[in-house]
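Student: I should like to learn how to read the features of a protein model. May we work through one together?

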Amino acid sequence: MNKAKRKTIIAGNWKMNKTPAQAKELISTIAPLVKDADCEVIACVPFIDITAAQEAAQGTNIKIGAENCHWAESGAFTGEISAAMLADIGSEYVVIGHSERRQYFGETDETVNMRVKSALAAGLKVILCVGELKEQRLQGITPELVALQTKIALGGVTEQDMSSIIIAYEPVWAIGTGLTATAEQAQEVCKIIRDCLAELYGQAVAEATTIQYGGSMNDANAEELLGKPDVDGGLIGGASLVAEKFAAIVAAGSK
Ligand code: PEP
């Protein structure tokens, strides 16, 4: 596999943190620290923060995304936000299938797939999250499970669409827990996902798709994780809220 064929992407997932004013402040603090990055830098922020974050990111190399979108274009879905709405306000990216959406909001592989298709139809780039629970890892079913999650999520997604898909391997047991997968574990599963893409779309697509690792990635472990041949970036939760830590991960992704 040739890593040079892929973009390294470091994306923050702010979860339900920061008001619009705080979002502006954080983006403004991060911007000078990452201005020379040799990788793509994204901040996925709460819906309410998108416009403020975009204003602060204007003229910088930081791109702004959302953390979820609904699958329908419009309709009776009180409290939801459609992909078309995100596109209309200039959001470029959207995280779909994050484990917290699966755990707390009833997200399934099928609804993840519907959201992915709706995001692509609206012209958004998707950061698609897959990953196993701790019990599933202990059962030894991580390879099959992650491959199945990937295949279901990408049902109906064409080879052409794949240029708008980033996959984030996020072992659920490592998210927000301080437990990081070892670099070897991250590499193993990212490679399984890449093999799955090769099966679905052929080798060229598999080699061109960015596959991130996410799960307690921080300034101390990023370099080792990002040094693995199939780990092309990171989806960062907690550490993305601390400008210096996020910038250090971006620096590791720029090497
Ligand atoms: C995440 O929210 O996607 C994530 C990986 O969180 P953390 O980095 O805090 O584990």
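The dialogue below takes up strands, helices, loops and charged pairs in turn.

Student: What kind of model is this, and how are its residues numbered?

Tutor: This is a predicted model, in which local features need pLDDT of at least 70 and side-chain atom pairs count only at pLDDT 80 or more, while totals for chains, interfaces and linings use all residues. Residues are numbered from 1 along each chain as its sequence is written, and side-chain values use heavy atoms, with hydrogens and water left out.

Student: How many residues of strand 2 are buried?

Tutor: Two terms are needed. Helices (H or I, at least four residues) and strands (E, at least two) are DSSP runs, numbered from the N terminus. Buried means under 20% relative accessible area, exposed over 50%, and partly exposed in between (1.4 Å probe, protein chains only). In strand 2, residues 40-44, five of the five residues are buried, so the strand is largely enclosed by the rest of the structure. Glu40, Ile42 and Cys44 lie on one side and Val41 and Ala43 on the other, and both faces are covered.

Student: Which strands pair with strand 2, and in what sense?

Tutor: Two strands pair if DSSP finds at least two bridges between them. Strand 1 runs parallel to strand 2 and is joined to it by five bridges; here Ala11 stands opposite Ile42. Strand 3, residues 62-66, is also parallel to strand 2, over four bridges, and Val41 stands opposite Ile62 in that pairing.

Student: What unit do strand 1, helix 1 and strand 2 make?

Tutor: They make a right-handed β-α-β unit. A crossover is right-handed if, with the strands pointing away from the viewer, the path from the first strand over the helix to the second runs clockwise. Strand 2, helix 2 (residues 50-57) and strand 3 make a right-handed β-α-β unit as well.

Student: Which strands are joined to strand 5?

Tutor: Strand 4, residues 93-96, is joined to strand 5 by four bridges and runs parallel to it. Strand 6 is parallel to strand 5 too, with five bridges between them. Ile127 of strand 5 stands opposite Val95 and opposite Ile166 in strand 6. Of the six residues of strand 5, five are buried.

Student: How does one check the span of helix 7?

Tutor: The expected span of a helix is 1.5 Å times one less than its number of residues. The twelve residues of helix 7 (residues 142-153) should therefore span 16 Å, and the end C-alpha atoms are indeed 16 Å apart. Among the buried residues of this helix are Leu145, Val146 and Ala153. Their cover includes helix 5, strand 5 and helix 8.

Student: What is notable about the phi of Lys18?

Tutor: Most residues other than glycine have a negative phi. Lys18 has a phi near 85 degrees, a positive value in a residue other than glycine. Lys18 sits in the loop between strand 1 and helix 1 and is partly exposed, at 32% relative accessible area. Ser216 also has a positive phi, near 55 degrees; this residue is in the loop between strand 7 and helix 10 and is buried, at 19%.

Student: Which residues form salt bridges with Glu100 and Lys63?

Tutor: Side chains of opposite charge can pair when their charged atoms come close. A salt bridge is a side-chain nitrogen of Lys or Arg within 4 Å of a carboxyl oxygen of Asp or Glu, and the structure holds 17 of them. Glu100 forms one with Lys15, the closest N and O atoms being 2.7 Å apart. That pair links distant parts of the chain, with Glu100 in helix 4 and Lys15 in the loop between strand 1 and helix 1, 85 residues apart. Lys63 meets Glu40 in another, at 3.8 Å from N to O. This pair ties strand 3 to strand 2 across 23 residues of the chain. Lys63 is partly exposed, at 27%, whereas Glu40 is buried, at 10%.

Student: Which side chain of opposite charge is nearest to Asp49?

Tutor: For charge, Lys and Arg count as positive and Asp and Glu as negative; His and the chain ends are not counted. The nearest such side chain is that of Lys18, 8.8 Å away, and Asp49 is buried yet has no salt bridge. Asp49 lies in the loop between strand 2 and helix 2.

Notes: Contact = heavy atoms within 4.5 Å.
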